[in-house]
Amino acid sequence: MTTKLFGEPVRRREDARLISGQGRYLDDLGPGALAAAFVRSPHAHARITHIDVDAALEVDGLVAIYTWEDLPAGVCEPLPLLIPHPALTHGRTAYPLARDVVRHVGEPIVMVVAKDRYVAEDVCSLIEVGYEFLKPVVGIEEAVSGAHLVHEDVPGNVGAHLVQEVPSADGRSAAEAIEAAPHTLSFRLDIERSACTPLEGKGVYARWDADDQSLRVYSSTQTSTSVRMALAAKLGLPLPKVEVIAPDVGGGFGVKIVHPWPEEVLVPWAARLLNQEVKWTEDRREHFISSAHERAQVQHVRVGFDDEGRVLGLSVEILHDHGAYTPYGIIVPIITSTQLLGPYRIGAYRVEFSSIYTNTVQVTPYRGAGRPQGVFCMERTMDKIAQHLGRDRADVRAANFIQPDQFPYDQGMIFQDGRPLIYDSGDYPESLRKLKDLIGWDDFPAQREAARAEGRRLGIGLGCYVEGTGVGPYEGGHIQITSDGRVHVSTGLTSQGQGHETVFAQIAATELGVPIERVSVVTGDTRRFGYAVGTFASRAAVMSGNAIALACRKVREKALRVAADALEADPRDLEITDGVVHVVGSPSASIPLATVAVLSNPLRYAFDEEAKRATQFAGAASMDRPPVAEGEEPGLEGKDYYSPIRSTFASGMHAAIVETDPDTAEIRILRYAVVHDCGKMINPMLVEGQIHGGVAQGVGGALYEKMVYDEHGQLLNASFMDFLMPYATEIPHIETDHLETPSPLNPLGIKGAGEAGVIPVSAVIAAAIEDAEGLPIDRMPISPSDLYAIRRTAGN
Amino acid sequence: MKPPPFDYHAPTSVREAVEVLAEVGAHGKVLAGGQSLIPLLNMRLAAPGHLVDINRVAGLGEIETDATGVRVGALARHAAVERSAAASLAQPLLGQALKQVAHSVIRNRGTVVGSLVHADPAAELPAVLALLGGSVRLASVSGEREVAAADFFTGPMESAIRTGELAVSAFFPAWDGGTAFVEVARRHGDYAMAGVAAAVRLDDDLRVTAARVACVSVGPAPVVVDITEACGNQSVASVDWGAVVAAVQERIEPEADIHATADYRRHLTGVLVERAVKAAADV
Amino acid sequence: MFDITLIVNGVPREARVPARRLLSDCLRHDLGLTGTHVGCEHGVCGACTVLLDGEPVRSCLTFAVTVDGHEITTVEGLAGPDRPSPVQRAFAECHGLQCGFCTPGFLCTTTAFLRDNPAPTDEEVLEGISGNLCRCTGYQNIVKSVHRAAELLAEEPT
């Protein structure tokens, strides 16, 4: 590897177009397309009695109105349950347009296609839908009472129930271990609802080519390959006649991994039916009431521990609010249950969750995907143990850490990918040491006392997490070096701002020994790469990064073979530098990769100068073997896949110092420190960017953002006015330090970094506020009004 | 989220504007900065039949200042008033409050008079006008009238403006004392959970001789309370704040919403009254 | 329908629009300038921010007819003749963007902000960009970009 770009803070190759307004996001495409809009339920739970479109038919510019009755077989069926699980005994998904019952505000009922979105919304406002009201089920407590049902055939509103139990080394159950422990605590924790809210909502734009009988769909998705397969199946089209492309995507954070959305099926269906281009661009209100939320859980915790704070037994019961439907299965509570264990080896563990239906927007993964809740549970537990014992909170954590020489470490559970929860590598004591240094943990008590003397309340908190990243099953990479010397890289998964065009180019340039300027990367375009899983679970760099590296190695090997022939050298004596293959130690004996590409493809026709050199009549071809030798293929290209045996586990630790106002109860983060270990970093600048963004979302989730439903199932804050996504003024400066513990599981030694920043923030902020206030903080997010109420309840 | 259709009128004079407003009656809505109205239109929470866009009306952008106070024309943007050194000198409370109105980009387009007419009880400018005892000048085909702030804000998002009337300017009287505006919002730039504008006058011995506060987000309209008596002719350092806060809390009627309980707003208002009066006295 | 002329990025552009046409939609769909993004359509996110007669405003809270005859600058008009503007370059240099959706609004806001305040403090930068939402970056590198842009602008020959 002579062109070392791996590990360097290479500037992003995406930015030139994005800073100049030349990005192509979904709504930038198809300027002449018809616009779709939807009549959505204003009620949380109701039976549709009639739909009257008469008044709407007069509107100039109306093209079509569709209800469930109009949908053909395939399209009219409930949307798929993407990730079935034996514990999900009562999985339910929505129809693309409501068939008879609506189960949350925002559920689509009627699709309107018109000449533009203004007219489409005019039409929507004139369509009258009759409802027979059913009792809405809102809130976990009301749902588990089972007094009213979200789905008539789901008793108790319980969609799934799962118990996982890991006995202690000496064979005790968690209950036994807790019973026998010198100390026990039990408590309840609450986490409220939040959501991804990318700045760009969802969107779909479809073109039907009647001549070719083919469909091209653009979707603001995290998985174009799977949208394609779902569409081909739903619409009954041959897979090769459907192409799906994720253009520039304005953020995802999880919500765009769900597929197919109702609109993703309906828009292409209508485009084909009407033989006209149709586009739907989700607006902000639609995004709030008809996409997906996450986070809401109630946790009942019981823990037994020894005098050092070592956890001997832990039992957690989780009630998970799943909203009205379960299209993405029970991935979120499974991740909470498993990742709750964090960097700790604990005695015995029992976790039980019930996934509960409510008449609210469905719950699917949001950055962190159940981990913030699990980490909140474990880290609050650690703090409570420390407080109970009067020990330092960092020391209690250290007493429970898995040690560096204990890897691989088997937690004894099954992870979200269906594979054993075995941590591959990490160095938690070193992370903690770095974090304590960075934040000044040991000096803080003096600082707190000094502030207290001035009437100020300061507090410090910390939180640790382990994150399973790079989950399988696979991703692939394809490399083609063309006769102009350019390297074309493609992979099937999609991008939403992570900088894949840059990091994948860094990998390819490093592996192939070519200048990065010659490398171009395409993601999320099924015309270029058909097999992929998608971008989620901090997996893109690990999965596609390694697949691209492997594909590059194949191509490199072939390039060296072809070059060796031409140079009459041994391939083992060759290396590639700056796009030129040369004999080690003899720079004059060289051949550019462009020429290698020419030579690799014996041609019949000379359409240009390069091609002339490659025709079968040009060179001294050997007459005893075919122009393309057995086992060879024409062209300098290669494809490979990376399929890991299991996930790789990144980790990190955060600490914060907060100040609470004794009078107004305002909460301010004075410092925020992060130590992060995602194995080898491909591009540290981008890793830092991911961390900053994750922490900011975490701060949102800790102090500002929640979805507030009233008892009727109305979302009271379906706007950026009232869903308080933080501005720059709300986010602290984030101090970072890194550890690079390579993953032994993959060729590049990397782990995922996408979600990390968000995971422990609520736990850290809660701990710091608790430290400042001397009052337990067991519910997040927390507002000044909430803190004031906690103070009042405590009588101060 | 696209606005519903409406008939559009773009008068170029006040005369023309009020004639159109008279003609369209209750179906008419005035568009100035649009920073409150257009979100409502985009969400289709408002659907006026006629929109009377006054942005081309001549002479409404004036900011006139003299010793008696500041008169702000209906097209004077928040940012223009904020940047006006003369206005800040004549009535510093205007600038103190404007800094806290939404974000600067909104203030580039939003108008001071528009904020008054919108009459949001959580907004800063109605409280400023109410505190100072200012007024709003309303024009119609039958002439002009000046409505005192005390009569102008009649309820949440409700004002004394009548069908066919156009608010052409507002007058913020000068105050020969100190002023301050303090508030606590969830995020920087959000509507305040509670906020207090204060106007204080001290004598030569620094005793409070006059003090008034106007509270936002704790009633259907800005709540103005004269706390001179509660301050007990004491210096700011010696004021019995418990009594002052009690006097204010007695008058406010906070309600809960998703951002704050009524109890918290009441408490917060008390905290902010003390802070605002102290800040206003610090001249 | 109204025939309007907007001077967009220095070029007179004509459009025929209904009165309710938002400036954001007019720029994007009537004039094909899709660099201006629409993130909320209620004036909170700032993605649609453009310069109206030099001042940043929300194009989603402005009707195209209202600004007939006025000058509009969009992200497409920020660059110099041969290279991106200092503000644009600073954002690329400091990793001030990830998905890029909010970026045009930040760039327009920052351009006007630094024109009025060429050497801002940290606090002034925060205040200056506090009306724009970004979900990706956590703002830290945006703040860095604004400071860097101030440096680059100071180095520019005037």
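## Exercises on charges and cysteines

B:Glu183 lies in strand 11 (residues 178-185) of chain B, where strands (E, at least two residues) and helices (H or I, at least four) are DSSP runs numbered from the N terminus. This is a predicted model, in which local features need pLDDT of at least 70, side-chain atom pairs count only at pLDDT 80 or more, and totals for chains, interfaces and linings use all residues. Residues are numbered from 1 along each chain as its sequence is written, chains are lettered from A and ligands numbered from 1 in the order written, and side-chain values use heavy atoms, without hydrogens and water.

**Exercise 1.** Find which side chain of opposite charge is nearest to B:Glu183.

*Solution.* Start with the charges: Lys and Arg count as positive, Asp and Glu as negative, while His and the chain ends are not counted. The nearest candidate is B:Arg107, 9.0 Å away. Next, apply the salt-bridge criterion: a side-chain nitrogen of Lys or Arg within 4 Å of a carboxyl oxygen of Asp or Glu. B:Glu183 has no salt bridge, although it is buried; buried means under 20% relative accessible area, exposed over 50%, and partly exposed in between (1.4 Å probe, protein chains only). Finally, list its contacts (heavy atoms within 4.5 Å): leaving out residues up to four places away in sequence, B:Glu183 touches B:Gln100, B:Glu124, B:Asp190, B:Ala192, B:Ala194, B:Gly195 and B:Leu272.

**Exercise 2.** Work out which residue pairs with B:Arg107 in a salt bridge, and where the two partners sit.

*Solution.* First, the partner is B:Glu82, at 2.9 Å from N to O. The pair joins distant parts of the chain, with B:Arg107 in helix 6 (residues 104-107) and B:Glu82 in helix 3 (residues 78-83) of chain B, 25 residues apart. Then check accessibility: B:Arg107 is buried at 3%, whereas B:Glu82 is partly exposed at 24%. Over all chains, the structure holds 86 salt bridges.

**Exercise 3.** Determine how many disulfides the whole structure has, and examine A:Cys196 and C:Cys108.

*Solution.* Take the cut-off first: a disulfide is a pair of cysteine sulfur atoms within 2.5 Å. The search over all chains finds zero. For A:Cys196, the nearest cysteine sulfur belongs to C:Cys136 and is 12 Å away. A:Cys196 is buried, with a relative accessible area of 3%. For C:Cys108, the closest cysteine sulfur is in C:Cys48 at 9.9 Å, so the two are too far apart for a bond. C:Cys108 is buried as well, at 1% relative accessibility.
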